[in-house]
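Biologist: I am new to this structure and would like a close look at a single part of it. Please take one residue, say where it sits and go through its surroundings.

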Amino acid sequence: MNEETVVRTAVPRLVVTQDNEFWFRAAREGRLEIQRCADCHVLRHPPAPVCPECRSFDWDTVESSRRCTLHSYTVLHYPRDDAFDYPLTVGLVDLEEGIRLVADIAGVDRDELEFGMELEVGFAEHAHGEILPQLRRPRGSRR
């Protein structure tokens, strides 16, 4: 999408806070950053202000390899929104680092999806020009 493209969408703009701004900035730069507790080193996603394990407010980030396996997926047909192509396939993946991520799947036929299949996290422009993760076949993999 570019400035000349007008998309009618009910999708709200992203809500960027001091706790998740790093994540959206990294996505714009083509990186997947994971929040990590600075005290107990537990990874967490989505980003949050406090560690669910030790209750610490101190955190840093680690960069993900972006390698993942498909845990589950669903195919959305309705409600339709002009910001997406339908049917829209959305996957839940297990990142190599041990946490899960939800994103749409691009470039893979629904008939080819199998639980446990290898995917990788890429990035694509979504509604309002925002850059968000998108699941794809790993670079160099065969169909």
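Modeller: Take Arg66, which lies in the loop that runs between strand 3 (59-63) and strand 4 (67-76). The model is a predicted one, and what follows is computed from it. Arg66 is buried, yet it forms no salt bridge. The nearest side chain of opposite charge belongs to Glu120, at a distance of 4.8 Å. A salt bridge needs a side-chain nitrogen of Lys or Arg within 4 Å of a carboxyl oxygen of Asp or Glu, so the 4.8 Å between Arg66 and Glu120 does not qualify.

The side chain of Arg66 does have a polar partner in the backbone: one of its polar atoms lies 2.7 Å from the backbone oxygen of Val121. Glu120 and Val121 also both appear among the residues that Arg66 touches, once residues up to four places away in sequence are set aside. The list runs on from there through the chain: Leu119 comes before these two, and Gly122 and Phe123 come after them. Elsewhere in the sequence, Arg66 touches Gly30 and Leu32, as well as Glu97 and Arg139.

To put the pieces together, Arg66 is a loop residue that is buried without a salt bridge. Its side chain has a polar atom 2.7 Å from the backbone oxygen of Val121, while Glu120 provides the nearest side chain of opposite charge.

Notes
Residues are numbered from 1 along each chain as its sequence is written. This is a predicted model: local features need pLDDT of at least 70, side-chain atom pairs count only at pLDDT 80 or more; totals for chains, interfaces and linings use all residues. Side-chain values use heavy atoms; hydrogens and water are left out. Helices (H or I, at least four residues) and strands (E, at least two) are DSSP runs, numbered from the N terminus. Buried means under 20% relative accessible area, exposed over 50%, partly exposed in between (1.4 Å probe, protein chains only). Lys and Arg count as positive and Asp and Glu as negative; His and the chain ends are not counted. A polar contact is a pair of N or O atoms within 3.5 Å; within protein, one must be able to donate a hydrogen and the other to accept it, and residues adjacent in sequence count only if both atoms are side-chain atoms. Contact means heavy atoms within 4.5 Å.
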